[in-house]
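Please open the structure in your viewer and keep the sequence panel visible. The tour below proceeds from one selection to the next.

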Amino acid sequence: MITHALAPAALDALSALAVGRRGIYRDDAAFDDLLASATAALAAEDPDTVAVIRRFAAADVPDGAVLFTGFTVDQEQMGRTPEGWQLEFQNQDRDPVTEATLLALAGTAGEIFAFARQHAGAQIQNVAPVKGHEYDAVGTGSRGLLDWHTEDAFDDAHPHYVGLLCVRGDVNADTALAPIDRVVLSPEDERILREPRFLHGIDKASGGTGRPEDGVRGPVLYGEDGERFVRVDMDCAAAVEGDEEAAAALRRFHDAADAARIAVNLKAGDLLLFDNRRVLHARTSFEPRYDGTDRWLQRVIITGDPGASAGRRTRRPRVVENDPAGQ
Ligand SMILES: O=C(O)CCC(=O)C(=O)O
Ligand SMILES: [Fe+2]
């Protein structure tokens, strides 16, 4: 994985343009305005970063991930870590400096979008430990390990890329990445994992039960002409009932992902972009304090192919409604 430092001039420009832009969480026009200004500022002030993001989006960076550094979060200005993802917990009285920085990079990689079923269609998701979710396999969990997954694996419109900006870190919470090219499998397991012998449950953060049997059937690996893509959430997936061969292949896949593990302890200001079709991710457990200083990430999902979900964006231009097939 490569690390790339953002240009100070771009960071200054992003922080200046964020001033006074309130309401991006409740008003799609305000969100779009900030996104357009932020990507334009990055293009003007930091062509090196734009070039790195273009390479990332073209799958031309090692391990399908880039860690961007150099951004300093003004902790006082950010206020308390939100106690929940709902709109009421988002502090709308501060200038959205972290958001402008995240949008500049993510919006250069592709089209930022959201799922209606996740965090009520929030286009920027504030992810922090939530009371009662401690052992849930969701981003707002904490004490339980969040196992290997790709985002929204059950949905055909799953994001191509994910952007995570760390507002506040936690020394114990490592974000782990397993680039699929490093996941070594036997040819036989590779073949089995490419067959639709698996059930992909819908995670609780998306309003599902998390149980494989309530989900959709499909493969774990896919892609033609030498492409190797992955879609799976190990907390919610299983082989179809009675298919012991597929169950064993899935267990070996998990071990192979562990062996490919790259751990990143995100620190305040770090911004991680990874390829959601080529990289599994996970998070180690940590202890929440619920005192306003807990770990806090801002997350966006991105696609390189907005047209694929155009028919499902019936209410808001960036928000993909549930699949009519019941996904
Ligand atoms: O908390 C993390 O580091 C990653 C959590 C996660 O899986 C996500 O935000 O998609
Ligand atoms: Fe995730």
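Which residues are the protein donors of the iron ion (ligand 2)? Please note that the model shown is predicted. Select ligand 2 and display the side chains of His149, Glu151 and His281, which are its protein donors. The donor atoms are NE2 of His149, OE of Glu151 and NE2 of His281, and they lie 1.9 to 2.1 Å from the iron ion.

Next, locate these residues in the sequence panel. The spacing of the donor residues reads H-x1-E-x129-H. Glutamate 151 and histidine 281 link distant parts of the chain, being 130 residues apart. Glutamate 151 belongs to the loop between strand E5 (146-149) and strand E6 (161-168), whereas histidine 281 is in strand E15 (residues 279-283).

With these two residues still selected, display the protein surface. Are glutamate 151 and histidine 281 buried or exposed? Both of them are buried.

Now leave the iron ion and select strands E9, E8 and E12. They form an open sheet of three strands in the order E9-E8-E12, and the pairing is antiparallel. Strand E9 (216-218) and strand E12 (237-239) are the edge strands, each of which pairs on one side only. On average, neighbouring strands of this sheet are turned by 30° against each other, direction ignored.

Zoom in on strand E8 (residues 198-200), which is joined to E12 by three bridges. Here, phenylalanine 198 stands opposite alanine 239 of E12.

Finally, add helix H7 (residues 244-259) to the selection. Helix H7 packs on the sheet and touches E8 and E12. The direction of H7 makes about 140° with that of E12.

Conventions:
Residues numbered from 1 in each chain as written. Chains lettered and ligands numbered in written order. Predicted model: local features only at pLDDT ≥ 70, side-chain atom pairs only at ≥ 80, totals over all residues. Heavy atoms only, no water. Donors = N, O, S within 2.8 Å, 3.2 Å for Na, K, Ca; no water. Helix = DSSP H or I, 4+ residues; strand = E, 2+ residues; numbered from the N terminus. Buried < 20%, exposed > 50% of the residue type's maximum accessible area, 1.4 Å probe, protein only. Pairing = 2+ DSSP bridges. Axes fitted to C-alpha atoms, helices over the stretch in contact; angles between N-to-C directions. Contact = heavy atoms within 4.5 Å.
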